[in-house]
Structures are given as structure tokens and as C-alpha cells.
Amino acid sequence: MAYPIIEAQGLEKSYGSFKAVVDLSFELQEGSVMGFLGPNGAGKSTTLRMLVDLIRPVSGNLRLFGLDYRRHRGRILSRIGCLIEKPDFYKYLGALQNLELLGRSSGIRKPRQRALEMLEFVGLAGREQDAVASFSHGMRQRLGLAQCLLHNPDLIILDEPGTGLDPQGIVDMREMILKLNREQGKTILLSSHHLPEVEAVATHLVLMNRGRCLVQGSAAELLSQQDRKIRLEVDRVTEAMDCLSSMLSRDKMVQGDGRILELSLCREELPPLIKALVERGLSVYSVESRQKLEDYYMQILHHHNNETHHVVGLPI
Amino acid sequence: MWWASLYNESIKILAKPRSYLGFLAITLLVGVILLALALDGESYLDFVTGSLEQNLMIEGSMLNGHLVGFIVLQMLVVHLPLLVALVTGDLISGEAAMGTLRNLVTRPLSRKSLLFSKYGAAAVYTLVLLVWLGLMAVGVAQWIFGPGDLAVLSGEGLQILPSVEVMPRFLQAFTLAFLALYTVACISVTFSCLADNSIGPIVGTMALIMVFTLIGTLDVPLFENVRPFLFTTHMAAWRSLFLDPTPLRDILFSVGILTLHCTALMAFGLWYFDRKDILT
């Protein structure tokens, strides 16, 4: 049975009069991948920094692996690997030397051997001795992931791991995250603005705005609460709308540009609609399902922004 | 884990080009001084001892390796704090500026152990720099000029120390000079905890030395009670080890004041760094 790896209750953090995190509570279960979402300045990075003891909350309780940071800092950090913001290394040292150094700080007995293994895992074998100064951003990102996995942590915290990566790099990063979660059982906390990537891997979601947690829970449950956006390309749009009007209310149908018909419906409603269109003799050229997370994200943020402006009158 | 961290810090210092600036500067400065003394050392000594020759007849040459080493030390110990601060002031703030401090602080090693290993690395660097100065100033000078009795000018006049006594005194003097320089290193490492850029702690350390030196030299009654407790007052205490008899009480007081400074700075640094939010 899964148990909570992170238990955050009422976390608060301020910088002067600015409240970066306000009464934040959430849990992360063992073996899950949590997508940590929010716009810039939402308090995501501050929260991640609190989770790895880079900064201390002014109030609230934070327990990791059932342990309290104040008493068991070393034990907790020995089980966490993190990549916070951009991956920074000693540019005047080689990749292997950088990892060896961090391995020793993590208490690894054979840091060189482990560093070589990790360099191979992230696809940097053969570049061990090269100075980090000569690495591209993508290579540094991979090296960042290697340092994160060096001490075989149970919890991996990744802050924008896809930033600056090319499309192949993003796919590789996604596959690595899935591999770590599914094959090695690692629990992962992933903060990213790249919503399709989060949607592809996350089992749970936390959405923050202005330092507060707006929603949290299972990704499947949260996303099933809203309709899926479907774009249909048909040869005769007006006729298609007439055909579907008996099965779907008009407010769930919008005529797009050219031969595009946009529908808002749940997954199960789609097959009979397509069947009806084909039986009517209409040609369906394409069916495109838009990202649900993106819509959900925009909907929640829009709602929260309106609410805080109208009700409170001022930003939190 | 602390030893592993100290080893890491030593590797980083060794790999940084700026660490070698101090050694290069010492080599150049000592080279220039030795060359000047080798070419025109007698004239320099005549200028210094000129006033004594009315009462004293000096036979033979006072210019030897021991005296040259002593002269070089007097000239260079003033410059060493800058060379020490240049490297030690960067130990924490440099990591913050580079972003690597995040990687270190999120390891299982406690923040106190991490910072303590930085203080340890600062001690190792200061020691190695001082040993290099010793080798250059005393070792090379002896090789060029040969050994001999050491003539030292003090407030009480000219003192001659027999050649056999000089080396042990140099060793003691270097130990005391190390303590003085390590106090400077502690200041810059502690300042380094407070900043997120490399320049601030280095400039801050030098500014503090200047202010304290000024307070120490100003003949104002207000400062008289403070002066004995300033570390800058004891930076040149190593010179007392070449006096005969050695003012042991004064030297022990200097050791006490310098040790107190180091301890207080370390305690503050450890307390502050343990609570610091790492935002870089």
C-alpha cells in the first residue's frame, strides 16, 4: 500500500511583505508522478526549495518519508534527488569530476564508479573528461539528471527539466521519467510549464496560483471533470451540425474556420457521433483531440484570477 | 563525510586558476626583492644602519640569507591578506553566484559540516601559501646569500641573533603569521556566507582591515581601549619572536585575541549559514 512521501500542511513563506506561499497543503503518494503546475510567480519554485531544505518555511509542517526535517535532515536528503531550476556545475571541472564530487558529498562509497554508471544512463558516456563549460544546454540538463540520480534516491524532484531541450531531448527526458517511475518505482515531483509533457506522465496534479494551491488530486479524476475538446474536419460543416444537433446540444458545437467543427464532449460520446456523420454520407477527414490539461489549467486559473480580482479586489 | 567535503573543497581550490595568482604574485615579488638586494643590498643596509654607525662599528657584512628572509617577510606579510581573501572570499559566495551551492546544500551533508569544511579548506590554502612564502623568502634567500647572524632593529636598538637560533624563530614566526592570516581567511569566509557574489566578501575583508588598521594607528584616546582587541593590532605580532628576550606574555595575548576572532567568526558563520535561505 502506498504511503505519503511528502506531507505538507499549512506551509507559508514570505520575502519581506510579499507572501510567496500561503497556507499550502498537499500530499504526494509513493510511486506516483505529481505534476506541479502554475504560472510564473505562483510559488512553485519556492515550494520545491522548501522540500529540499534550500529555504525554510516560516510556518507549517513538512514531513518527508514520515520524518521531520528539523530532526532528520540528513536521512531525508539522502533519499531525495533534485534538479532545481537550471543545472549548474563547476565549469572548470569535467563531467565525471563534477559527479564524483557530488557523490562524495552524498556519502557514496565508490563515487567514480557510480558517476560513470549515471553518465552512461543519461547518454553522456564518452564525454566524461570534457569540461562542463564545453557542454550544450541539453547536455547540462542530462548531467543535471545524472547528479539527481547519483545516490539512487526514492523521491526525484524536477523543476523544469525540459527547459532548453530540443524536441528529441524532450522526448528522451519524458521516457527517462517514465522509466524511472515504472521500472525503478521512483516517486517523481515534476514542475513544468510544458503541459503536454506533464499530461503524458503525471498521475497526480497540484495547481498553484499566487502562492496558494487551487486544486490537487488524481490527474484522471481532475481531468474527467471537464469535457474533451474535439476538432472535426468534415466536408460540409452546416450539414454536420444539423446531423449532430439531435445528439448534442448546440452550445457544445462551434463552427471553426473552413471545414472545422469544434465539439465539447466526453470521451464516450465521440464514437456514435462519428458513426452518425458517416451514415449521413459526410466525409470525416480528421479527428483531433486537444490537450485536456491545457484547457483545464486555463479554466482554473481564469476562474481564480477573476475571483480574486472581483471578490478581494487585490492580488493575494 | 566532513573529510570527503574537505577533500572536495581542496580539489575545487586546486582546479581554480585564481588560486594560483597568490603563488605567482609571491614568486614575482620575492624574486624582485631578492634581485634588488643581491645587486644593491649593501647600499640598502647602509641606509638603514647609517644612524647607528656614529656609535657602533660594524665589521663584515650583515647581508645574509636570514636577514634577507626577514626583510622579505616584513615587506610581504602586509600584502598576503589580499591574496588570502581573493580565494577564501569566493568559497561560498562564488558557489552561490555559480548556482552550485544548491547542489551542495541539497546533499545529506549538514550545512554546518559543509561550511566547516570550507573553513578547513581556507586553513589549508592559507598554510600552503605561507609555506610557499617561507620557501621563497627564507629558503631561496639562504641559498643565494648563505646563512648568518640576524641583525634586528627594535625599539631598544640593534639586536644580533646567533645563526643557530634564527631558524626555530622563523618557524614560530610563521606559525603566528599563519594564525593572523587565518583570521583574515575566517573574515572573508564568513563574509562569503552573507553574500551571493564574489567581489563583496573580498572588498569587505580588505575594507575591514583598512578600517581596523586606521583605528589602530590613530592616536585618539577613544580608540585606546579598543586597540588591543583588534585583530589588526596583532597581525605583525610575529616580529616579536625575533626579539631577545622574547615577550612571551605579549605573544600569548596576541594568540588569544586572534584565536578569539577566528572562533567568534566561525561560530557566527555557522549559525548564519545554517539558517540562510538559498535563493540563487
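Trainee: Is A:Val278 buried or exposed?
Mentor: In this predicted model, A:Val278 is exposed, because 11 other C-beta atoms lie within 10 Å of its own, and a residue counts as exposed when that number is 12 or fewer.

Trainee: Where does A:Val278 sit in chain A?
Mentor: A:Val278 belongs to helix 10 of chain A, which covers residues 270-279. The C-alpha atom of A:Val278 is separated by 9.8 Å from that of A:Ala240, a residue 38 places away along the chain.

Trainee: Okay, stepping back, what is chain A built from, in helices and strands?
Mentor: Chain A has 11 helices and 14 strands, and its C-alpha atoms fill a box of roughly 70 × 50 × 40 Å along the principal axes. Of the 316 residues in chain A, 38% are buried. If you take the contacts in chain A between residues at least 6 apart in sequence, 70% of them join residues at least 24 apart.

Trainee: And which domains does the assignment give for chain A?
Mentor: The assignment gives domain 1, running over 4-223, and domain 2, running over 227-292, and the centres of these domains of chain A, taken over C-alpha atoms, are separated by 41 Å.

Trainee: Let's look at strands, then. How is strand 3 of chain A covered?
Mentor: Strand 3 of chain A, residues 33-37, is mostly covered, with 5 of its 5 residues buried. On one side these are A:Val33, A:Gly35 and A:Leu37, and on the other they are A:Met34 and A:Phe36, so both faces of the strand are covered. As background, side chains in a regular strand alternate between the two faces of the sheet.

Trainee: Which strands pair with strand 3 of chain A?
Mentor: Strand 3 of chain A pairs in the parallel sense with strand 8 of chain A, residues 187-191, over 4 bridges, and A:Phe36 has A:Ser191 of strand 8 as its bridge partner. Strand 3 of chain A also pairs in the parallel sense with strand 9 of chain A, residues 204-209, over 4 bridges, where A:His204 is the bridge partner of A:Met34.

Trainee: What about the open sheet with antiparallel pairing, what order do its strands take?
Mentor: That open sheet in chain A has 4 strands in the order 2-1-4-5. Strand 2 (18-29) and strand 5 (67-68) of chain A are at the edges, and each has a single partner strand, so one side of each is left without a neighbour in the sheet. Strand 5 of chain A pairs with strand 4, residues 59-64, in the antiparallel sense over 2 bridges, and A:Asp68 in strand 5 stands opposite A:Arg63.

Trainee: Switching to the core, which residues touch the most other members of the largest one?
Mentor: The largest nonpolar core has 139 residues, and those touching the most other members are A:Ala146, A:Ile157, A:Leu190, A:Val206, B:Val84, B:Ala177 and B:Leu181. Helix 8 of chain B, residues 163-194, gives the most to this core, with 17 residues. Leaving aside its neighbours within four places in sequence, B:Ala177 is in contact with B:Val77, B:Leu130 and B:Trp238. A second, separate core has 9 residues, among them A:Val234, A:Leu244, A:Leu263 and A:Leu277.

Trainee: You listed B:Val84, so what about helix 4 of chain B, how many of its residues are buried?
Mentor: In helix 4 of chain B, residues 80-88, 7 of the 9 residues are buried, so the helix is largely enclosed by the rest of the structure. The buried ones are B:Leu80, B:Pro81, B:Leu83, B:Val84, B:Ala85, B:Val87 and B:Thr88.

Trainee: And helix 11 of chain B, what span should it have?
Mentor: Helix 11 of chain B holds 28 residues, 248-275, and at 1.5 Å a residue it should span 40 Å, which agrees with the 41 Å between its end C-alpha atoms. Its buried residues are B:Ser254, B:Leu258, B:His261, B:Cys262, B:Leu265, B:Gly269 and B:Phe273, and they pack against helix 7 (111-145) and helix 8 of chain B.

Trainee: Last one, how many residues of each chain are in contact with the other?
Mentor: On the chain B side there are 24 residues, in contact with 23 residues of chain A. Helix 1 (2-15) and helix 6 (101-105) of chain B each supply at least two residues of that side of chain B, and the largest share, 7 residues, comes from helix 1 of chain B. The residues on the side of chain B that touches chain A divide into 12 nonpolar, 7 polar and 5 charged.

Technical notes: Residues are numbered from 1 along each chain as its sequence is written. Chains are lettered from A and ligands numbered from 1 in the order in which they are written. This is a predicted model: local features need pLDDT of at least 70, side-chain atom pairs count only at pLDDT 80 or more; totals for chains, interfaces and linings use all residues. A residue is buried if 20 or more other C-beta atoms lie within 10 Å of its own, exposed if 12 or fewer, and partly exposed in between; C-beta atoms are placed from the backbone. Two residues are in contact if their C-beta atoms, placed from the backbone, lie within 7 Å. Ala, Val, Leu, Ile, Met, Phe, Trp, Tyr, Cys and Pro count as nonpolar, Asp, Glu, Lys and Arg as charged, and the others, Gly among them, as polar. Domain bounds come from an automatic or database domain assignment. A nonpolar core is a set of buried Ala, Val, Leu, Ile, Met, Phe, Trp, Tyr and Cys residues joined through C-beta atoms within 7 Å. The expected span of a helix is 1.5 Å times one less than its number of residues. Two strands pair if DSSP finds at least two bridges between them.
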